[in-house]
Amino acid sequence: MSLLSRRIPALVRLVPTLAMAAGLVGLSGQVAAQAAAQPAKPLAKVRYEEVIRSVLYVPMYVALNQGYFKDAGLDVGMKTSQGTDKGMAALLSGSADIVLIGPEASIYVANSESPAKPKIFAGLTATDGFLLMARKPASGNFDWSQLKGKSVMAFRPGSNPDVFLEAALRKHGLDPKKDLKLVNNIGPAARTGAWMAGQNDYAIFLEPEAGNLEKDGNGYVMASIGSEVGPVDYTVFTTTDVFMQKNPEVLQAWTQAIARAQQYVQTAPVADLARQVAEFFPGMSQPELVKAIERYRGYKLWKTSPLVEKAAIEQLQDMLTASGVLESGKRVKYEQVVVTDFASKAK
């Protein structure tokens, strides 16, 4: 028997196997083609408002720039409210789905007759990012007693910037109502102009305003308010109870994107962070952004987890009571204003 005749039966036996394999290859190709032809699931649109534009919110800008929200299935449109009161108004009126504001606003509304109740579902900053600034460089170490009898540009009464500043003053033995004058009637957009016009002896500013004033010799950083007060959640992501009930998957996706950004900014090179957020600060150079980010990361102002814990809300209410903007009998329960479901599941 020839070699060829011996091989034919073996080849015959292989034919069904080869045919099946060819069919599977063809089928897999068809499946892949069908999958490619299927339209991608549309991104869920979210109307978002930040309280103010600041380097303090770098993790949020990183999440936007690096596509973390898109990866989570969200299409985020952003506006700037210019104040926690305006951000809360946008939320309650239905013109925003999610806002980044101070948690004190949710406590106030919880005590109000508003039918819509705000719910905090994730935190962004670990404490206050404002910096106390003077008109002249400090001669030696700064002493808070130097504020006695002086005027300090703060924010509207009851706002987190004002409440945290008062807490820092009390820590250093100063009575905010008697030992100095807190100026509370200048709007966020007008503060830098008022300072440049010579109003007040001291003021609190966020980055990038603080860095810009320093660069031009128009102000000098004396202290970090957040470092004085300690870790108390300062800005949080807030929605309404109705939006939460209807869109839990959106809030979970949002929280996951934020958690991813919070973890990233802890160790990412500052130069990389500066490049990634540059589009949000067109008036700042890269060196200026690097300096501002380094300053904030050094103060440990960014949360490492989106979870807003009970101790922070309790301490905030202690501060609100001490400032006279919250009656002790109107303290709210943690569960009234904070929902932990989303942050506890974020990785």
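Start by selecting strands S7, S6, S8, S5 and S9: in this predicted model they form an open sheet of five strands, lined up in exactly that order, with mixed pairing. Color the two edges next. Strand S7 (181–183) and strand S9 (220–224) each have a single partner strand, so one side of each has no neighbour in the sheet. As you rotate the view, look for the twist: ignoring direction, neighbouring strands of this sheet are turned by 30 degrees against each other on average.

Now zoom in on one pair inside that sheet. Select residues 131–134 for strand S5 and residues 202–205 for strand S8; the two run antiparallel and are joined by four bridges. Which residue of S8 is the bridge partner of Leu 132? Click on Ile 204 to find that partner.

Keep the sheet on screen and add residues 160–171. This is helix H6, which lies across strand S6 (151–153), S7 and S8. Compared with S7, H6 runs at about 160 degrees.

From H6, step over to helix H14 by selecting residues 310–322. The axes of H6 and H14 come within 9 Å and cross at roughly 80 degrees, and the two helices are therefore roughly perpendicular to each other. Show side chains to see who meets whom: Asn 160, Val 163, Phe 164, Ala 167 and Arg 170 come from H6, while Leu 316, Met 319, Leu 320 and Ala 322 come from H14. By class, this contact holds seven nonpolar residues, one polar and one charged.

The next stop is another helix pair. Select residues 58–65 for helix H2 and residues 248–267 for helix H11; they pack at an angle of about 110 degrees, with axes 9 Å apart. That angle makes H2 roughly perpendicular to H11. The crossing of H2 past H11 is right-handed. On the H2 side, display Val 58, Pro 59, Met 60, Val 62 and Ala 63; on the H11 side, display Trp 254, Ala 257, Ile 258, Ala 261, Tyr 264 and Val 265. What classes of residue make up this contact of H2 with H11? There are 11 nonpolar residues, with no polar and no charged ones.

Move on to helix H12 (residues 270–277) and helix H13 (residues 286–298). Their axes come within 9 Å and cross at roughly 115 degrees, and this crossing is right-handed. H12 brings Val 270, Ala 271, Leu 273, Ala 274, Arg 275 and Val 277 to the contact, and H13 brings Gln 286, Leu 289, Val 290, Ile 293, Glu 294 and Arg 297. Sorted by class, the contact of H12 with H13 has eight nonpolar, one polar and three charged residues.

For a last close-up, return to strands. Select S1 (residues 44–50) and S2 (residues 74–80), which pair in the parallel sense over seven bridges. Within this pairing, Val 46 has Val 76 of S2 as its bridge partner. Then add S3 (residues 98–101): S1 pairs with S3 in the parallel sense too, over three bridges. Here Glu 50 of S1 has Leu 100 in S3 as its bridge partner.

Finally, zoom out to the whole chain. Its secondary structure comes to 16 helices and 10 strands. How much of the chain is buried? Buried residues make up 49% of its 347 residues. Among contacts with a separation of 6 or more, 80% are between residues 24 or more positions apart.

Terms used. Residues are numbered from 1 along each chain as its sequence is written. This is a predicted model: local features need pLDDT of at least 70, side-chain atom pairs count only at pLDDT 80 or more; totals for chains, interfaces and linings use all residues. Side-chain values use heavy atoms; hydrogens and water are left out. Axes are lines fitted to C-alpha atoms, for helices over the stretch in contact, and angles run from 0 to 180 degrees between N-to-C directions. Angles under 35 degrees count as roughly parallel, over 145 as roughly antiparallel, 65 to 115 as roughly perpendicular and the rest as oblique. A crossing is left-handed if the near helix is turned anticlockwise from the far one by less than a right angle, and right-handed if clockwise. Contact means heavy atoms within 4.5 Å. Ala, Val, Leu, Ile, Met, Phe, Trp, Tyr, Cys and Pro count as nonpolar, Asp, Glu, Lys and Arg as charged, and the others, Gly among them, as polar. Two strands pair if DSSP finds at least two bridges between them. Buried means under 20% relative accessible area, exposed over 50%, partly exposed in between (1.4 Å probe, protein chains only).
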